[in-house]
Amino acid sequence: MELQSIILFSATVIPLICTPGPDILFISSQGLSGGVSAVWKANISIISGYIMHAILAALGLAAIVAASPRLFNTIKWVGVAYVAYLAIKMILSAMKPSQITLKSASSKGVILKGFLTSFLNPKGLLVYFAILPNFIHSSDSVAIQSIILSTSFIASCIVIYGMIGMIFATVHKKGNYSDKRRRLTEGVAGGMLSLAAIGLANS
């Protein structure tokens, strides 16, 4: 595969990656409420959703989704409902005082939430099912080209999401963490996820 095609693909998807959406807001909310460790758990979980998109695209299921607006919209609205559920859950938690606990976020819980957030995110579906096929040349191996382009996209996500998450993680200071701070950060994080759900619904 030509380097020019990879660069052009990256130039196409990087602005999309940087566009605020459920994935970025999920990682940001995890940084606010859980700090650095939560950011990287969230990053891994988001990437796992995109890896699943890549696998489905390689299996040919991308063509089925792309050809069925009804199926695409079903996936989209399930994503809206899930992100809205996360937002409501976090806002309700922020409204209730509780004993201060400094336990790190459950890896299993964060990874599952992040996976579903990215897997149901139309942004990922758009990249794999609509943009990526335009950079595939029939004269070369489709599988190899798909792997190369997917790797480029995923690597860009890891770097960009990691940087954004770390910025929000600096706000979280475990050494000075009160219940008031917990409620404030969870409220802000819930608000961010609410915006993500609204953005998904309007997309």
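The paragraphs below go through the helices of this predicted model, their packing, the nonpolar core and a few individual residues.

The protein has nine helices and zero strands. Read from the N terminus, the order of elements is α-α-α-α-α-α-α-α-α. Of its 203 residues, 45% count as buried. Among contacts between residues at least 6 apart in sequence, 87% join residues at least 24 apart.

Helix α8, residues 142–169, is a convenient place to start. One of its partners is α3, which covers residues 36–58. The axes of these two helices come within 9 Å and cross at roughly 160 degrees. Angles over 145 degrees count as roughly antiparallel, and α3 and α8 are therefore roughly antiparallel to each other. The crossing in which α3 passes α8 is right-handed. On the α3 side the contact is made by V36, V39, W40, N43, I46, I47, Y50, I51 and A54. On the α8 side it is made by S150, F153, I154, C157, I158, Y161, G162, G165, M166 and A169.

Helix α8 also packs against α2, at an angle of about 35 degrees and with the axes 7 Å apart. This crossing, too, is right-handed. Here D23, I24, I27, S28, G31 and L32 of α2 meet Y161, I164, G165, F168 and A169 of α8. Y161, G165 and A169 are thus listed in the contact with α2 and also in the contact with α3.

The helix packing leads on to the core. In soluble globular proteins, nonpolar side chains tend to be buried together. The largest nonpolar core in this model has 28 residues, of which F9, Y50, Y128, F153 and Y161 touch the most other members. Two or more residues of this core come from each of α1 (3–18), α2 (22–34), α3, α7 (122–131) and α8.

Y50 of α3 deserves a closer look. Leaving out residues up to four places away in sequence, Y50 touches D23, S118, N121, K123, G124, Y128, F153, I154, C157 and Y161. Three of these, Y128, F153 and Y161, are named with Y50 among the core residues that touch the most other members.

How many aromatic pairs does a search of the whole structure find? There are two aromatic pairs. In the pair of Y50 and F153, the ring centres are 5.2 Å apart and the planes stand at 65 degrees, so the arrangement is edge-to-face. Because Y50 lies in α3 and F153 in α8, this pair ties together parts that are 103 residues apart in sequence. Y50 and F153 are both buried. The other pair is F115 with F119, whose ring centres are 5.5 Å apart and whose planes are at 10 degrees, so it is stacked. F115 and F119 are four residues apart in helix α6 (residues 107–119), a separation of about one helical turn. F115 counts as partly exposed because its relative accessibility is 22%, and F119 is partly exposed at 24%.

S118, by contrast, is a buried residue of helix α6. The relative accessibility of S118 is 0%. Apart from residues up to four places away in sequence, S118 touches S45, I46, G49, Y50 and H53. The C-alpha atoms of S118 and G21 are 9.7 Å apart, although the two residues are separated by 97 residues along the chain.

Is S150, in helix α8, buried or exposed? With a relative accessibility of 5%, S150 counts as buried. Beyond its neighbours within four places in sequence, S150 is in contact with A54, Y128 and L132. Of these, A54 belongs to the α3 side of the contact between α3 and α8, while Y128 is one of the core residues that touch the most other members.

Y128 also has a spatial relation to L56, a residue of helix α3. L56 and Y128 are 72 residues apart in sequence, yet their C-alpha atoms are 9.0 Å apart. At 18% relative accessible area L56 is buried, because the cut-off for buried is under 20%.

Note on methods
Residues are numbered from 1 along each chain as its sequence is written. This is a predicted model: local features need pLDDT of at least 70, side-chain atom pairs count only at pLDDT 80 or more; totals for chains, interfaces and linings use all residues. Side-chain values use heavy atoms; hydrogens and water are left out. Buried means under 20% relative accessible area, exposed over 50%, partly exposed in between (1.4 Å probe, protein chains only). Contact means heavy atoms within 4.5 Å. Rings of Phe, Tyr and Trp (its six-membered ring) pair if their centres lie within 6.5 Å; planes under 30 degrees apart count as stacked, over 60 as edge-to-face and the rest as tilted. A nonpolar core is a set of buried Ala, Val, Leu, Ile, Met, Phe, Trp, Tyr and Cys residues joined through side-chain atoms within 4.5 Å. Axes are lines fitted to C-alpha atoms, for helices over the stretch in contact, and angles run from 0 to 180 degrees between N-to-C directions. Angles under 35 degrees count as roughly parallel, over 145 as roughly antiparallel, 65 to 115 as roughly perpendicular and the rest as oblique. A crossing is left-handed if the near helix is turned anticlockwise from the far one by less than a right angle, and right-handed if clockwise.
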